[in-house]
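Biologist: I would like a close look at a single part of this model, followed by whatever can be said about its surroundings. Please take the structure shown here as the starting point.

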Amino acid sequence: MRLQRKDLLGLKDLSAEEIELILETAAPMKEILGRDIKKVPTLRGKLVVTMFYEPSTRTRTSFELAAKYMGADTMSIAKATSSVQKGESLRDTARTLAAMGTDAVIIRHSAAGSPALLARTIEASVLNGGDGMHEHPTQALLDMFTIKEKLGGFKGLKVAILGDILHSRVARSNIWGLTKMGAEVRVVGPATLIPPEIENLGVKVYYNAEEALKGVDVINVLRIQRERQKKGLFPSLREYARLYELTPERLKLARPGALVLHPGPMNRGIEIAPAVADGLQAAITEQVTNGVAVRMALLYLLIGGAN
């Protein structure tokens with residue numbers, strides 16, 4: 001089975017049925033990762049290109065591993081070593097790749113809408129690896145896969161997203177995905193880091209961490225982007241940690257056994273205490289494994305699955 005679309009640009013445009021298909025497909029893909037030989041010929045003869053105009057470790061490497069595990073050829077293009085440095089436009093770079101017979105392009109870019117522009121330019125499938133402050137759909141899908149794996153589903157779950165909601169593309173994609181699947185989503189952080197009118201997305205807004213975390217099933221902790229602190233959006237990192245760091249004491253306010261997620265990289269001692277990050281309730285390392293499985297599923301559904 002295939003997704004009835006060419007590209008994966010965000011979760012805002014995906015239906016609940018499409019999200020469920022992706023998550024169901026990721027389960028057998030994860031089984032492949034547990035084998036001694038992590039290789040299947042599903043995408044043999046396909047060319048997958050990663051174009052990352054922003055720094056990335058987890059997303060880029062997991063996409064490349066996902067493609068290689070499924071037998072595809074891969075090529076990586078970085079801004080520093082590409083013709084972008086000579087003034088080549090994104091569209092011209094994309095057309096060059098298309099002329100080489102590329103089947104799928106994964107792009108990360110600081111400008112929101114870049115993946116959509118690319119998708120309109122080339123026939124190859126385009127997957128959004130994160131665009132500006134817009135969306136990061138594959139991160140949200142791996143978060144959701146982890147939740148489903150650990151808790152069985154989404155209906156009736158209470159999920160708190162804690163931290164810098166304003167600048168987080170991870171938060172936006174998680175909100176779109178989780179609300180479509182029937183979860184109650186709470187967002188919590190300083191007022192300066194909560195977007196205006198975010199309630200319109202169907203979430204509950206909190207400014208007090210203790211209040212927000214009461215009785216939740218999942219806590220998704222966002223990275224505090226240190227560069228934002230220079231803009232004076234909160235007084236200091238120490239003050240942020242005092243009010244919003246996920247500590248063992250705050251974790252106890254959630255339901256017993258509540259799941260702790262983090263997209264990484266972590267700022268230990270600022271947004272999450274080391275004892276929580278390394279604790280039994282954290283699935284942060286497993287999220288990385290699940291990221292490869294989810295990206296394998298997406299490549300299969302977009303360029304490899306049988307109709």
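In which helix is the place of Glu-211?

Modeller: The model is a predicted one, and in it Glu-211 has its place in helix α7, which covers residues 209–213. Because its relative accessible area is 46%, and the partly exposed class runs from 20% to 50%, Glu-211 counts as partly exposed. Once the neighbours within four places in sequence are set aside, the contacts of Glu-211 are with Arg-186 and Tyr-206. Along the chain, Glu-211 and Ala-254 are separated by 43 residues, while in space their C-alpha atoms are 10.0 Å apart.

A residue in another helix can be set beside this one. Ser-173 belongs to helix α6, and because its relative accessibility is 0%, against a limit of under 20% for the buried class, Ser-173 counts as buried. With the neighbours within four places in sequence again left aside, Ser-173 is in contact with Leu-11, Glu-135, His-136, Pro-137 and Ala-140.

Helix α6 also leads to the pockets. The largest pocket has a volume of about 590 Å³, and 23 residues line it, of which Arg-108, Arg-169, Arg-223, Gly-264 and Pro-265 are the closest to its centre. The elements that contribute two or more residues to this lining are α2 (58–69) and α6 (169–180). Sorted by class, the lining of the largest pocket comprises six nonpolar, 11 polar and six charged residues.

The second largest pocket has a volume of about 180 Å³. It is lined by 17 residues, and the closest to its centre are Arg-58, Pro-263, Ile-284, Gln-287 and Val-288. At least two lining residues come from each of α2, α5 (137–151) and α12 (284–304), and α12 gives the most, with six residues. By class, the lining of the second largest pocket divides into six nonpolar, seven polar and four charged residues.

Helix α2, which gives residues to the linings of the largest pocket and of the second largest pocket, is also part of a connection between strands. The chain passes from β1 through α2 to β2, in a β-α-β crossover that is right-handed. The two strands of that crossover, β1 (residues 47–52) and β2 (residues 73–78), pair in the parallel sense over six bridges, and within this pairing Val-48 stands opposite Thr-74 of β2. Strand β1 pairs in the parallel sense with β3 (residues 104–109) as well, over five bridges. Met-51 has a bridge partner in each of these strands, namely Ile-77 in β2 and Ile-107 in β3.

The accessibility of β1 can be read together with these pairings. In a regular strand the side chains alternate between the two faces of the sheet. In β1, Leu-47, Val-49 and Met-51 point one way, whereas Val-48, Thr-50 and Phe-52 point the other way, and all of them are buried. Because six of the six residues of β1 are buried, the strand is largely enclosed by the rest of the structure. Glu-211, the residue asked about, is by contrast partly exposed in helix α7.

Technical notes:
Residues are numbered from 1 along each chain as its sequence is written. This is a predicted model: local features need pLDDT of at least 70, side-chain atom pairs count only at pLDDT 80 or more; totals for chains, interfaces and linings use all residues. Side-chain values use heavy atoms; hydrogens and water are left out. On a 1 Å grid over the protein atoms alone, a cavity is a set of points where a 1.4 Å probe fits but cannot get out, and a pocket is an open set with protein on both sides within 12 Å along at least five of seven lines; lining residues have an atom within 4 Å of a point. Grid points are joined across faces, edges and corners, and a volume is the space filled by probe spheres set on the points. Helices (H or I, at least four residues) and strands (E, at least two) are DSSP runs, numbered from the N terminus. Ala, Val, Leu, Ile, Met, Phe, Trp, Tyr, Cys and Pro count as nonpolar, Asp, Glu, Lys and Arg as charged, and the others, Gly among them, as polar. Two strands pair if DSSP finds at least two bridges between them. A crossover is right-handed if, with the strands pointing away from the viewer, the path from the first strand over the helix to the second runs clockwise. Buried means under 20% relative accessible area, exposed over 50%, partly exposed in between (1.4 Å probe, protein chains only). Contact means heavy atoms within 4.5 Å.
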